[in-house]
Each structure stands twice: as C-alpha cells, then as structure tokens.
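Reader: I have a sequence and a model on my screen, and I would like to know where the labels come from. Can we take them one at a time?

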Amino acid sequence: MLLCVSGVGRGGLGLLAVKRARLLTRTAHSSPQNFEYRPIKKVMVANRGEIAIRVFRACTELGIRTVAVYSEEDRGQMHRQKADEAYLIGKSLPPVAAYLHIPDIIKVAKENGVDAIHPGYGFLSERSDFAQACVDAGVRFIGPSPETVRKMGDKVEARSLAISAGVPVVPGTDAPISSVGEARVFSETYGFPIIFKAAYGGGGRGMRVVKEYEELEENYHRAYSEALTAFGNGALFVEKFIEKPRHIEVQILGDKYGNIIHLYERDCSIQRRHQKVVEIAPAADLDPHLRDRLTSDSVKLAKQVGYENAGTVEFLVDKHGKHYFIEVNSRLQVEHTVTEEVTDVDLVHAQLRVCEGRSLPELGLTQETIRVNGCAIQCRVTTEDPARGFQPDTGRLEVFRSGEGMGIRLDSASAFPGAVISPHYDSLLVKVIASGKDMSTAAAKMHRALSEFRVRGVKTNIPFLQNVLSNHQFLHSTVDTQFIDENQNLFIMKPVQNRAQKLLHYLGHVMVNGPTTPIPVKAKPSSIDPVIPTVPMGEPSLGFRDVLLREGPEGFAKAVRAHPGLLLMDTTFRDAHQSLLATRVRTHDLKKIAPYVSHSFNNLFSLENWGGATFDVAMRFLYECPWKRLQELRTLVPNVPFQMLLRGANAVGYTNYPDNAVFKFCEVAKENGMDIFRVFDSLNYLPNMILGMEAAGRAGGVVEAAISYTGDVSDPMRQKYSLAYYVKLTEELMKAGTHVLCIKDMAGLLKPESSRILISALRDRYPDVPIHVHTHDTAGAGVAAMLACAEAGADVVDVAVDSMAGMTSQPSMGAMVACTKGTKLDTGIALEKVFDYSEYWEVTRGLYAPFDCTATMKSGNADVYENEIPGGQYTNLHFQAHSMGLGNKFKQVKKSYSEANKLLGDLIKVTPSSKIVGDLAQFMVQNNLTREEVEEKADELSFPLSVVEFLQGHIGIPHGGFPEPFRTRVEIERGKTLHIKALAVGDLNKTGQRGVFFELNGQLRSVLVKDNVAMKEMKFHPKALKSVRGQVGAPMPGKVIEVKVEPGQKVEKGQPLCVLSAMKMETVVNSPLTGVVTVIHVNTDTSLEGDDLILEITAEE
C-alpha cells in the first residue's frame, strides 16, 4: 500500500544524525520568534520499562548521554541497566507513587546535569505541573509547552478548543464533574450509555462505560479512584458513549516555529477494557475523503494551540463514517511504532531534535515528504489471562524466548528469564511490530513471530492474539471497538503444552522436597555409576525368539519341551526390582544392560520385563511410557523372548475391563515386541483366565496359563487347595488351549517336597506340555524348591541375577547355574557372565537406595509359610509400616494379614486379591480389631471399598465360594527428547520458595519450587477453598484499596464486597451468594495473591 503526496522517497529522518551542526535559514518556515539551537547532552527519562529503553536507544544513536530513574520495586528492571546512569527515586513510597513524585525527579535531574527530561507515556507525561516544574528548574521538557499540555490534558478545555476549531465532538460535559449527581443529570439529558473519562490522562485508566442507571454510582467511584491512582488527579468528565465506533488516531508533529505535519493515521479499534490490544497503520479500508478530513482536522486543531513536539489526535468514527474528536494525547503513544515503520520517520529522534530547536523542514520533514509505505501491525503482548477476563497475572518469567526474523521489531524491557512481573505496574511485556507490503503480509509475519514465542511462569495473551490474527473479519474487513466482545470464539484458545517446564518443575520439586513417595529412611542414591560389561561386536547369537518367529507358538513349545537342560527365565527386568526396589527402576538403566543380556544369555527361555506393576509405576511415579520401554528393549534384545504378566480380564490393571479392551491390548503388545503372555487370575477364576488366554492367542502370542499356587499340597490337613484341585484346574486350562503351563508361586510357599508332588503329578498327566515354575525366595528355600521342581520334570524355573535375588525376589541365577552345572539339568550359561551381570546390578541398585527394601527389611522370613503374603506385597507392607512409624508392629500386621485371609475364606493371594486381603488387614490394625470382633460387628463397620467390591463379585468368584455368614452381614453398596542437567538449588526466599537451576538443551532454565519443610515455619495468607461455599477469594493478585462490608453485615448476591487494584486497574469483588459476612481476612492496603481468602459468608437459610 502506498499513500504519497509527492515523489520524495523513504528516509525522511535518516540524515538526522549528520545534520547536527547544520543550520538552515528558517525564514519561510519560522515564526517571528528566533529560538536558539541548544544541543542536548544528557537526557533523563522519567518513566520505566520499554518506553524508557526506547528513548535511551534513540539518545545513544544521537550521541546523547542517558539517565534512568527507578523505584525500589524496580531495582532489578532492565531499563536502569540500559542507561548510562540510574538513580533511585521515591524511597519508601508505593511503587506507582515513586514515578509520580515530581520533587525527587527534578532533584535527580539538577544534581546530575540533566539537560532535558523525556516523560515517556503514562505517569507524568500529560501533567502540565510536571512540564512546568522542568522549565522552572531550567531543564527542558521533551514535549509540548506546559500551557499546551495543560490545555490538551484537560479533556474539557481540549473539547472546547476542538469546537472553536470547527472539529466535530461527541456530546459531553463542558467541565470536569465534581459529583455523581452531575453524572445523573447528564445521563437524564442524553440517556444511556455514557462514558466516564479521566480528565488528566488516558490509556483506558479512569474510563468506565455505564449502560444503565443502577451501574452509575459504582462506576463513577471506580473511574475516579483509577484516575487518581494513575494520574494523581481523579477529575472526570462525561460523554455520550458512541456504540461500535472505529477508534482512529492521527500522529502529529510540530516544531517551535509553527510548522505542523501529520504522519497519517492508526486504527486502534481492537481494545479490551478501553485499552488497545492491536494497532494498525494505516487504517484498513478507510475512505480517502474521511482520511483527509481526519488529518486536516488534526493539523487544524494543533495549529490552533501552537502545538510543539509529538502528539496524537484521537477520533471515533461511527458506522455512518462521521468522525468525532475525543482527545489529544500530548505525548508519545505506545503505538507510535507502527507509524515509524510505515513512514520511516523516527519519532523519538524528531522529538529530541525539535526540543533542541531544530525546525521540521531542517530535519527533512515537510508534509510533502511524508508518505505511507506498506502496512504495520503492533500487538501488545501482556501478562494477562484472556480466559479469565484479561485478569493480570504476576510472577517470575521462568522462560522467555521471542519471535524474530524479517519484518519483526520488538520493543520490550521486562522480557527476560528471571524477570519478576509486578502487580504494581502495567501488564505490558513486549510490543511486537510486524511490517509488510500489505495487511495480510504483516499479519502473517506477526502470527509466525508470536508462534515462536515461549513464555513460561506467567499467563500471556499470545494465544488470544493469534486468534485475532486468524480472524476472517480482522483480515478481510473492518473492525470496531466491540470486535473482541462480539467474537467470543477468540477466547477458544489452543492449550499451551509447556512440557519441558512441567518436567523441570517436577525435577525441581524432587530436588527440594525429595520424592513424593513417603520414604522412611534417609538413604541417598549412590553417586557411583554402574560399569556396563563388555559387549561383543556384531549381532547376538540366535535364541529361542528366533525359534518362535520361525516355527510359531506351537513349534516354540515343542522346542522348549525337547530342550535337554533346565531353562531359566530372568525376572531382573521386572519382578525382581518390583519386589526389592518398589518397581522404581527406570528404562534408562534397563537399556544400558540390555545388549549384554542379548549377547551373553541368548539361551534364556525368556526375559520378564513388562506388565504387572510396571504399568502402574511407570505412569504414576516414573512418568515414563511403558509402551516406549517395550519398544526400546525389543530393539536392543532381538533374540530372547519377552514375557509379560497379564492379569486375565484385568489386563495390567486392578479391575475387570471390557473384553474388546483386553483383546486390543494384547494385539498392540504383540505388535510392539511382546512374545509370551503369562495369563493368570488372582482367584484362579476360569472365565477371567480364559478371556486373557484367548486374547493372547488371537494376538499371535505364546499363551502361558498360570495357576496361582497357595496352601501346601504336601500337608494332608490343608485340603481346600489340594493336589486334586490343581490337577483339575490344569485339565481345564489344557482344554482352553495353553502352549505352556505355569505354576505361579507368588508367596514362595512351594517347599521341596510339595514341589516334587505337584510337578510330578502334572508331568505324568501331561508329558508334552512345557512346565514353567515361578516363585519368590522370601523364606530362603527358593533354590532348593526350584531344583526339586526341575528334577520332577519342570522345563523352566524363574531366577534373578544374584545382586537382585533373594528375600522377596526370585532365587539366585548364579546359584541355579552353579548347582546344575555338569548335570542333566545344566543351564548352559557361563557362570562368569552371571558375575559380570550381577556386578552391574549391584551398583545400579545403589542408585535406588531410597526405595531398597533392605533399608527396613534385613532378611527373608520363614513365617511366610503361615501368613502367605506374596513377595512384592510383603516388601510393600514392610515399607509402609515403617513409613507410618509402625515398624515395631509389623509382626502384628502380618498376623492381621493371616486373620484377614481367613475372614475372606482363605483366598489365593495375588494382585488384586492380595491387595484386598492387605486392605482388610490394615483396616484391622488401624482400628485395633481382632478377627472375632470383625465377624461380630460386620454389619456395623465401614469396610474398605476393595473388600466390599470383592464381596460383590467384582473380580470373580473365589474357589469354594464367598465366606458366609461374613459376606451376608457386610453392607454391600454400589458406589520430545529433552537433555536436562541439574545445576543447583538456590537459597530460600521470603515466599518460602527456592530457585532450582537446570541446563535444558544447552540453555539455562530455572523454576521456583516451594520448600514444604520451610513453609511449615512461615506464615502465609490463607487460600479460599473452592469446595467451601461462602469463601470468597481474590480473582487476581493485587492490593485491597477498599473494603465495602463489615462482619455481621447482610449482603445480597452480586453486592460489591471489596475493590482490588492491580496494574493500575481496579476490580470489584462481588458476593457470590446472599448471606451474612462472618469473617473478613483483609484490610485496606493488604497485598493478595490469586485465590487468597478475602472474607467468609454464611449462606442465608
């Protein structure tokens, strides 16, 4: 787009720096006055943030020294670091008041040889008394004369001047009003809606639209208070509110010699709460005749007051194309950037030169030389949450990464990692300006730049801005000031993923507060890294998986049965660390040793590495994907079959799932590398087992039906789970089509004699089916029992590598290899390789010291033959007892487990049935109940949900049926790769937090983490509980400026309770219900964080 008056090209102010000594004749362009040219050597900016830095940069380019001022709140802000000198002002004053303290600012200027003061925008920029104070102190004010600032800052006088100049105005009061009564009179004359405006400032502060009579008084007080806080003067005037106008403003520039030019217009119609969000230059689809009238009226008004320096004349344009003057901003505007981009005129350079005494023609700035080239868009990126009504957000910027590239300009100050966003100042974070040949090009560049931003630690409006830039009306039509209100789809924003920072927060929390799991010991992870044994070059030797892939499940089963020696299944990758280390071993440590296992133990029957508790723990505690673990291990171990534990209809969960879910799970598991599915049911309930077997078989896996073993087949006094029971159950499983038969001895109850009896009976009856025996070594007899099983005809037994064996884990791999060496049961495994394998795990185990069962349990115990607690659960119960300070009562816990088992009818105990027995046992210990008392009071007690659901039949029907009359008496009622390096943990701050520092993908990152221990000794304002009706919390961080109720006062729903101020905007907190105020937790000037408790209301009956 090109708007041109003459053929003069770009660069109207590009020669400013080399014209410093050039004095041209001013005869044709100057007034009769003669002004002396006085170079500026040092400039102070009486402001903060990005506008201060913007002026400093311009001064530096022109060789002018710079001075910053800052409040106590702003000690760490960037603007003071960008200046050559910086001085504290407003000591002990509130944050905003410091920048409004004229005596301090003038004092600093005089003491430090400042020639001129630039006011920036906001604060004192439109205060004529400040401009006069500068002049009186002999310091130049970079802006209009004090008299012009007074006239233009007084909205009523500016309106009168506009009328005198023939510029159309909106109906309004002729002078500032002094009471709400005058506002009532105006509204009765002109009707609603009306608008209050601050008489001595702009930027949306002190501006409130009133649409009906009931809102008049509250909005008057809010507008007055905002204006007083922002500008030091609460005076207001009232206008008729024009609905759905376009907000168009014209940039003007004048010198000391009466020369006035305009730099065309900007469209600032996209606003929220009367504050601009997106600005565009030039205005899209603006009628050329209307543009001429707007620019002509602006220049005419400026000339009438003898305007000097930069300023903006603002208009409303109604739907009929009629324009109305609203105000003159006698300062630089936030959005001056878009005008600079399309006219190539540096407005701050021009301000400085004009203040020195240069004329506009001398600077190469005449109306004929000003033209518009292309389009520029500015987006104000703010720390506000659009989803919560643009409420300001405060906090610390943990991450800040900006968008850049061709056509993008960034003006910022507080945008850097570690910056603290204060509730005391404007929420502007960074101004992003995009330039292009036309509107669509500029919008595309802006959208791309915003998508590159990464801001973490505070909410921003970036997703909202992206929606605006994608909006069809914005791109292809005109918008008005109601655009945001009428396009609620702008608030449907794409969620921010924030994956890396969430991970760092988790790691930081662990580093400061320790693991989330209660740990009864203070053991720390070992600092020694495990050494990986040497792995041969090339591919590993063929193994049983190659047989499986070549001959299928049936051929695999035949090969296993025909194998001459004893085969082993290694449980180190799953059940061993589940039993000893609470299943906490990470995929990272499994992957490191996996290639060694593939090369050294290719003749293993299988490697148990998946299913069971690995799913639960991987997702709840390790924050790992169990599927990814399977995929990665499969790649590293291509030759050894993988085996998983499938809980029948429970799959890898704790409740029955729909049939199709179990079938699909097995299908996907097989596709991702699983080979053998060891299918069991915690009650040996055939329907559940058969479902799992069918699912595994249909997926193409090896079906290994597992009978859960309990009792003692060698004891004639224990007949519930007799040899006949197991033989009959085996018969049913063989009919169902299992490839391999497994005896799952989850508590380690098989003794050598019972092993010989059971396995011999099964081998005699089924000579062709492979038999696999799983056990735990809790009593210490595991090796003896497994040798007895092997001698009786078992083909496979379970072991764990030596350093991960024993106690509640599996028998020792080294012991089994050594005991069978040179016999018919020889495993064919080299003992030396077992030693190297064990050494790796011995050191690795040290990394998990806080979870190691040996911290509280020093040995196994033969009392397992009495209590029958499964290995993994034995460890967990022991750990939990010590965590709860009941370590000395673990014997009682074990006894209660045995009693609970009898109450429930002597169950087969394996997940989830073992959990049911455990829950009932803990219930008995906590309530100090005996078995007899539980039976007696069964109809009065509130049993754990798992017990109730078991008795309802949720997990199946136990062998022998449900326990009666206990069951009847219980009331049953249905109810991206990230490279992270931890660097340091910082000191405690006043809010009870510690900074935790990381290196993430080579860049420094930090997070603030609450120190839970330290916070117990610190006092904090209570939070409003959303679950408690009548507790009213702060909707945003801020300061209480008015409490409007008292304890005992009755309030109606919607009645104002208090007023909060944040970022110079005020928010009224209304009552959520009708009731009586019982407690007020705040006073005037109380500083609050989001959701801090303000008061409590008791609801009216």
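Reader: Why is Lys744 called buried or exposed, whichever applies?
Author: This is a predicted model, and every value here is computed from it. Lys744 has a relative accessible area of 4%. Buried means under 20%, so Lys744 is buried.

Reader: Where is Lys744 found, and with which residues is Lys744 in contact?
Author: Lys744 is in strand β30, residues 740-744. Leaving aside neighbours within four places in sequence, its contacts include Leu645, Arg678, Phe680, His774 and Val910. An unreviewed UniProt entry lists Lys744 under "modified residue: N6-carboxylysine"; such annotations may be inferred rather than shown by experiment.

Reader: What makes Asp715 buried, exposed or partly exposed?
Author: The relative accessible area of Asp715 is 27%. Partly exposed runs between 20% and 50%, so Asp715 is partly exposed. Asp715 lies in the loop between β29 (702-708) and α25 (723-736). Its C-alpha atom is 9.9 Å from that of Glu753, a residue 38 places away along the chain.

Reader: How do you know whether the pair Phe390 and Phe491 is stacked or edge-to-face?
Author: Two rings pair if their centres lie within 6.5 Å, and the centres of Phe390 and Phe491 are 5.8 Å apart. Planes over 60 degrees apart count as edge-to-face. The planes of Phe390 and Phe491 stand at 75°, so this pair is edge-to-face. The pair links distant parts of the chain, 101 residues apart. Phe390 sits in the loop between β17 (384-385) and β18 (391-392), and Phe491 in the loop between α16 (483-486) and α17 (499-513).

Reader: Which label, buried or partly exposed, goes to Phe390, and which to Phe491?
Author: Phe390 has 6% relative accessibility, under the 20% limit, so Phe390 counts as buried. Phe491 has 22%, which is over that limit but not over 50%, so Phe491 counts as partly exposed.

Reader: How many aromatic pairs does the rule give?
Author: The count comes to 30 aromatic pairs. Ring pairs also link Trp610, Phe615, Trp627 and Phe665 into a cluster.

Reader: What makes helix α21 mostly covered?
Author: Of the 10 residues in α21 (613-622), 7 are buried. Phe615 is one of them, as are Val617 and Leu622. The buried residues of α21 pack against α19 (575-580), β26 (606-611), α22 (626-636) and α23 (659-671). Just after α21, Tyr623 takes a positive phi of about 55°.

Reader: How many residues does the largest nonpolar core have?
Author: That core has 129 residues, and Phe573, Tyr837 and Trp841 have the most contacts inside it. Helix α33 (913-926) gives the most to this core, with 7 residues. Apart from it lies another core of 41 residues, among them Leu253 and Ile261. In soluble globular proteins, nonpolar side chains tend to be buried together.

Reader: Why is the chain called more spread out than a compact globule?
Author: The globule rule gives 31 Å for 1101 residues, while the radius of gyration of the chain is 40 Å, well over that, so the chain is more spread out than a compact globule. The C-alpha trace spans about 125 × 75 × 55 Å along its principal axes. The chain has 37 helices and 43 strands, and buried residues make up 58% of its 1101 residues.

Note on methods: Residues are numbered from 1 along each chain as its sequence is written. This is a predicted model: local features need pLDDT of at least 70, side-chain atom pairs count only at pLDDT 80 or more; totals for chains, interfaces and linings use all residues. Side-chain values use heavy atoms; hydrogens and water are left out. Buried means under 20% relative accessible area, exposed over 50%, partly exposed in between (1.4 Å probe, protein chains only). Helices (H or I, at least four residues) and strands (E, at least two) are DSSP runs, numbered from the N terminus. Contact means heavy atoms within 4.5 Å. A nonpolar core is a set of buried Ala, Val, Leu, Ile, Met, Phe, Trp, Tyr and Cys residues joined through side-chain atoms within 4.5 Å. The radius of gyration is taken over C-alpha atoms; the globule rule is 2.2 Å times the number of residues to the power 0.38. Rings of Phe, Tyr and Trp (its six-membered ring) pair if their centres lie within 6.5 Å; planes under 30 degrees apart count as stacked, over 60 as edge-to-face and the rest as tilted.
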